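Student: I've got the structure open and I'd like to go through the reasoning behind the labels. Can we take it piece by piece?
Tutor: Sure, let's put it up first.

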Amino acid sequence: MEFGLREFVELRKLIYAKSGIHLGDEKVYFLKRRVEKRMEKLGIEDPEEYLSYLRFFDRQGRELQELIEEVAVNETYFFREFPQLQAFAEHCLPDVLERKKKGLLNTRLRLLSAGCSTGEEAYTLAIILREMVEGVDSLLAKIVAVDIDRKALDRALLGIYDTRSIRDVPRVYLERYFDNLGNGTYRVKNTLRDLVTFKQVNLADRDEVLSLGISSFDFIFCRNVLIYFSDEIRRKVVENFYLMLQPGGYIFLGHSESLSRISTAFALRRMGGYLVYQKPENADASSPLREAGVQ
Amino acid sequence: MKVKSILQLLASDDELSRLKGIEEVQREPREVFVEVLVDLLQHDPSQIVREAALETLKCYPSSFLVPRLVPLLESDDIFVRNAAVTVLSAHFEAPLKELARLVNHPNKHVRKLALDALFQTRNPLAVDIIARGLQDPDVNNVIAAVEYLGKMEGFRFADAINDILERAEDPFLMCTCLEALARIGNRNSIAVVQRKFANPRDINCFVLFSYLRFLSEKGDLSFLPQIEAIFEEQGNIAGKELIDVLKGLISRHRKDFSDEDVQRVKTLLKKLLVSALPSSNRYELLVLLAEMGGEDVEKLLLAHLSHPNFFAKLGAIEGLAKLRTPGGIEKLREFAAREENQELREIAAEILRDLGAPLPAGGS
Amino acid sequence: MSKKILIVDDSEVTRNFHAYILRSAGFKVLSAQDGAEALELLYLEGDIDLILTDLNMPNMDGLSLIRRIRGSQEFSHIPIIIVTTLDEAKDKEKGFEAGANYYITKPAQPAYLLESIGMFLGGNR
């Protein structure tokens, strides 16, 4: 049988269940090609057979994980997933700052860029903070950017990027926050560097992660990273994130990733038309159930 | 860490300590902790702790857990019941004997949960046990058993389900049988379905979709008149399902098509193409038409290369690639060079390469 | 504009069956296989008009789902109908206590299901 919409829908469900990634309808051809690649590797000719394989023979989920990694788009660049960053900047950030003013949270502003790779996300967040937060320095604002890959971190520290990376940076910001090095490369200015700390950390190691801070982060960005972990590790990482967040702190995954597949301990909010996850505001003493007025 | 220290962590007031305690238990899951974990599962105020407890219980061999978990199936708390099912089914070598016993439990809700747990184990040995549910006095349990047997490819129970379908009056039961038989049906199933649903007009409209699902997997050319009739009456709501039916028919029986069959199927495909369907279906229809071939189809595909819709163009590209006519390939090359949408250009170029007809260098 | 209904049930045939009934009556239908997925769909779509939910589901059961919805800022007003095999009085009590508007036991008869929905959505489509 040919790979058609029905096979696509079946596979999409399996992929979503395991990784939380949702593939829109327009990805049918995209998925078809990747499946064909996998089928070739396995020596399978019929998509139905491949589906059966995934359902009944792939007990450890290894093949499904391979497929997922084929499907995950892992290119990194500045201002990736702009609408999500907009929701963050225009709704979530003001919300947190407001609560800090009211004395409901600790006064420092702390963000985590988990799986920061070569630093584009961390510096993007720094730009947003500089633009959106008045008196950002007095808030002792800090973006902690972590990754397990030493080489990537070294490049992040260097802070030099090419035209592909900066293609979505608004003109104004490019001029304000980057030095044009001339040969198609740009280097981030100190005004951004000052806000970011890079660290080599293994997200799956609880002690390493929690040493960054418990109940002290306002925002955690972990976009398109969790999909590369096994189910078990993924859950542990999310547990760690939960512990690191302040009550009412936000966590952002890639826009087609689902947190609820991993844990239902987070509250959902709709901010600026976007789905975001929040550690319950009265957490630690209670659960989302209590928040809903039930005990 | 000593047992005592771990127990202290687990009883602590703050979340972090309890989670640390649970992590220690995971390192060395000992029987002494089961009681506490089950307690945390049921009563901890923090969702994240309950989840961790649930995950940790899965680390135990089921022999430790069965005595503690089975009673939870009758808990008043729905979360706890479902958690018990999740843990009981977490192991491939699940407590099948115990679950088999529960399939005969006097309480119908417990029987249902046992069936759920058996299904979730994904263990082929569970199939025979689930099949006992076919004789359950409660129709909801029969429905569950039928659904699970279909999903687990319990082929040897096809005839049992055929019988149930034949006698069924409840539309939900009929649908479930049809959907299961779509997966595991045999020749008898085709006969039963032909008999029970001889006149398309009489098919209860809620059963219609399941009937079409069955046809898409098992239908043969003897159903063509019914398919045509259904399109006339209900093409507007069952369009998507009809496409699947035709797709199945083509993929299984193409070589048996007479010339007349080809015409009839093409007519249906074309009618569906102009009906109001989501655009992703247009893609499929165009590819199916290409399967049927013919000059008229080539014309249609060429016309769709300039359709405003993404899926229509995609279908046209793939369709023309299937037809492999020189005229079609030429138009594809033009398309790959001139099309506005980058993704489509790349797809066209890729397809041309696969056909051994790549664009000249500097194209695209 | 067609009204949008979210079906929540871990059984695929149940989701399909209810979807058929609703689609044939002109409703737009979305489905989720458990409460967690349902919540996400609810927040993603933003404009669901009614929810049909099972109770026994992994990840997040029906009662938890209902409580979360009733406790939310954005969606507490949405009519929720429980459709479940649980048919004892104490289950119904719990359902209404959690905030459900109506309670139907399976197997749901199509006409009755549509009538019940009609009570909350009036004359749809």
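Student: What makes β4(A) and strand β5 of chain A, residues 185-188, count as paired, and in which sense do they run?
Tutor: This is a predicted model, by the way. Two strands pair if there are at least two bridges between them. β4(A) and β5(A) have three bridges, so they qualify, and the sense is antiparallel. One residue to look at is Asp179(A), which stands opposite Arg187(A) in β5(A).

Student: Why is the sheet they belong to called open, and which strands are its edges?
Tutor: The order is β3-β5-β4 in chain A, with antiparallel pairing. β3 (160-162) and β4 (178-180) of chain A each pair on one side only, and those are the edge strands. From one strand to the next, the twist averages 35°.

Student: How do you know that strand β10 of chain A is largely enclosed?
Tutor: The cut-off for buried is 20 or more other C-beta atoms within 10 Å of the residue's own. Five of the five residues in β10(A), 274-278, are buried, so the rest of the structure largely encloses the strand.

Student: What covers the idea that both faces of β10(A) are covered?
Tutor: In a regular strand, side chains alternate between the two faces of the sheet. On one side of β10(A) you have Tyr274(A), Val276(A) and Gln278(A), on the other Leu275(A) and Tyr277(A), and all are buried.

Student: Which strands are joined to β10(A), and by how many bridges?
Tutor: β9 of chain A, residues 267-271, has five bridges to β10(A), and β8 of chain A, residues 245-253, has two. Two is the minimum for a pair, so β8(A) with its two bridges makes the cut. Both pairings are antiparallel. Gln278(A) turns up in each: Tyr250(A) stands opposite Gln278(A), and Gln278(A) is also the bridge partner of Ala267(A).

Student: What is going on with phi at Gly272(A)?
Tutor: Gly272(A) takes a positive phi near 60° in the hairpin of β9(A) and β10(A), where two residues lie between the strands.

Student: How do you know whether chain A agrees with a compact globule or not?
Tutor: Set the radius of gyration against the rule. For 295 residues a compact globule would come out near 19 Å, and chain A has 20 Å, so the two agree. Buried residues make up 42% of the chain. Chain A holds twelve helices and ten strands.

Student: And what makes chain B more spread out than a compact globule?
Tutor: Chain B has 21 helices and zero strands. Its radius of gyration is 28 Å, whereas the globule rule gives 21 Å for 364 residues; 28 Å is well over that, so chain B is more spread out. The C-alpha atoms fill a box of roughly 80 × 60 × 30 Å along the principal axes. Still, 49% of the residues in chain B are buried.

Student: Which parts of chain B make up the side that touches chain C?
Tutor: The contact takes 21 residues from chain B and 20 from chain C. At least two residues each come from α6 (78-88), α8 (108-121), α10 (139-151), α12 (171-184) and α14 (205-218) of chain B. By class, that side of chain B has eleven nonpolar, five polar and five charged residues.

Student: What are the confidence scores like for chains B and C?
Tutor: Chain B averages a pLDDT of 91, and chain C has a mean of 93. In each, 98% of the residues reach at least 70. The model's ipTM is 0.91 and its pTM 0.84.

Conventions:
Residues numbered from 1 in each chain as written. Chains lettered and ligands numbered in written order. Contact = placed C-beta atoms within 7 Å. Helix = DSSP H or I, 4+ residues; strand = E, 2+ residues; numbered from the N terminus. Nonpolar A, V, L, I, M, F, W, Y, C, P; charged D, E, K, R; others polar. Axes fitted to C-alpha atoms, helices over the stretch in contact; angles between N-to-C directions. Rg over C-alpha atoms; globule rule 2.2 N^0.38 Å. Buried ≥ 20, exposed ≤ 12 C-beta atoms within 10 Å, placed from the backbone. pLDDT = per-residue confidence, 0-100.
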